[in-house]
Amino acid sequence: MEQTDLRAPALAAPVRPVTPQQRAARAARNGGKPTLDFAERVPYDAYVHASTLHRLQQPLSDDPGEMSFLMVSQIMELYFGLTCHELREAQRLLRADRVWDALLPLRRAGMHLEGLNAAWKGLRWMTPADFNRFRNLLGEGSGFQSAMYRHLEFLLGLRDQALIRPFRRQTDVYAGLLDTLAAPSLWDDVMALLARRGFEVPAEVLSRDVAEEHRPEPAVEAAWVTVYEDTGPDNHLRLLGEALAEVAEQFGDWRWNHVKAVQRAMGAKVGSGGSAGLAWLQRSMARVVFPELWSARTAM
């Protein structure tokens with residue numbers, strides 16, 4: 001169970017494929033107008049499950065602003081899952097030494113993270129007074145408890161096994177997190193790739209317990225300095241470095257936007273999940289994604 005399957009179960013009313021010829025014939029019959037009559041469920045809803053998505057909002061209060069808070073949180077969850085999907089695909093390709101092919105899912109991941117960052121704008125209206133109108137009803141519920149966000153952190157190399165303890169009684173969720181924690185992170189796969197390409201990555205880095213967070217290694221930093229010396233268009237490792245940098249930068253922006261959102265909505269109050277709230281988030285910013293990719297820039 002190395003990967004968490006994010007796909008929905010089989011559709012009750014499956015989408016039926018349509019050929020270009022069938023589509024053209026239908027358009028001719030309709031006189032260029034859209035099809036308005038269907039024998040079964042509307043195909044768009046059968047594929048997107050829009051009617052299901054719009055029934056998933058269950059506010060706890062009558063405050064109209066809570067719907068914004070709830071829906072933005074759900075949108076972020078979807079983006080977490082989508083980004084994890086792209087990072088796993090990039091890992092699969094890198095393990096097969098298909099660096100060029102891995103660039104596309106990494107670029108998509110960067111764009112998804114950009115969309116994730118944009119979601120914060122939907123909460124910029126929230127002051128402490130606005131949040132306080134429904135915050136107590138959330139009980140101990142906190143974004144800190146997002147399992148998919150933990151998958152994302154683990155895939156990016158930020159690893160702390162203690163953070164999966166809240167999920168012990170959700171056995172499937174807990175097992176999935178353990179699997180992600182026990183498997184190499186994206187950065188582990190990148191370092192293994194560098195080693196296969198002839199760079200001197202220490203054996204202890206490659207053979208370490210991947211459940212533990214990677215500590216910056218000078219030899220890995222030196223490898224990236226060498227990679228960036230070749231600025232030619234055929235240097236796919238350099239393009240990989242830039243794609244990874246975009247992912248790391250967008251993820252860092254998300255964490256910083258989270259800090260700002262907390263400052264705006266609750267100041268330095270204790271977090272709903274029992275953490276120190278703002279102080280906890282500020283400390284977490286010190287953990288760097290793909291550290292040698294950034295430190296190498298000083299020596300370039």
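**A buried asparagine, a nonpolar core and a helix pair**

With a relative accessibility of just 10%, Asn 117 counts as buried, because the cut-off for that label is under 20%. The structure looked at here is a predicted model, and Asn 117 sits in its helix α5. Leaving aside residues up to four places away in sequence, Asn 117 touches Gln 250, Asp 253, Trp 254 and Asn 257. One of these partners also shows up in a polar pairing: a polar atom of the Asn 117 side chain lies 2.9 Å from the backbone nitrogen of Trp 254.

Moving along the chain, Gly 122 is found in the loop between α5 and α6 (128–132). Is Gly 122 buried, exposed or partly exposed? Its relative accessibility is 31%, so Gly 122 counts as partly exposed. Again setting aside residues up to four places away in sequence, Gly 122 touches Ser 68 and Val 72. Ser 68 and Gly 122 are 54 residues apart along the chain, yet 7.2 Å is what separates their C-alpha atoms.

Next comes the nonpolar core. In soluble globular proteins, nonpolar side chains tend to be buried together. Here, the largest nonpolar core has 57 residues, and the members that touch the most others are Leu 87, Leu 106, Trp 187, Trp 224, Leu 240, Leu 244 and Phe 290. Two or more residues each come from α4 (65–95), α5 (99–119), α7 (147–156), α9 (186–196), α11 (218–229), α12 (236–266) and α14 (291–299). Of these, α12 gives the largest share, with 12 residues. Leu 106 makes a handy example of how the core is knitted up: outside the residues up to four places away in sequence, it touches Leu 87, Ala 90, Leu 186, Leu 240, Ala 243, Leu 244 and Val 247. There is also a second, separate core of seven residues, with Ile 164, Phe 167, Leu 177 and Ala 211 among them.

That leaves a pair of helices. Two packed helices are described by the angle between their axes and the distance between the axes. For α7 and helix α8 (residues 171–182), the angle is about 10 degrees and the axes are 9 Å apart. The two helices are therefore roughly parallel to each other, since angles under 35 degrees count that way. On the α7 side, the residues that meet α8 are Ala 147, Arg 150, His 151, Phe 154 and Leu 155, while α8 brings Val 173, Gly 176, Leu 177, Thr 180 and Leu 181. Sorted by class, this contact holds six nonpolar, three polar and one charged residues.

How values were computed
Residues numbered from 1 in each chain as written. Predicted model: local features only at pLDDT ≥ 70, side-chain atom pairs only at ≥ 80, totals over all residues. Heavy atoms only, no water. Core = buried A, V, L, I, M, F, W, Y, C linked by side-chain atoms within 4.5 Å. Buried < 20%, exposed > 50% of the residue type's maximum accessible area, 1.4 Å probe, protein only. Helix = DSSP H or I, 4+ residues; strand = E, 2+ residues; numbered from the N terminus. Contact = heavy atoms within 4.5 Å. Polar contact = N/O pair within 3.5 Å; in protein donor to acceptor, adjacent residues only side chain to side chain. Axes fitted to C-alpha atoms, helices over the stretch in contact; angles between N-to-C directions. Parallel < 35°, antiparallel > 145°, perpendicular 65-115°, else oblique. Nonpolar A, V, L, I, M, F, W, Y, C, P; charged D, E, K, R; others polar.
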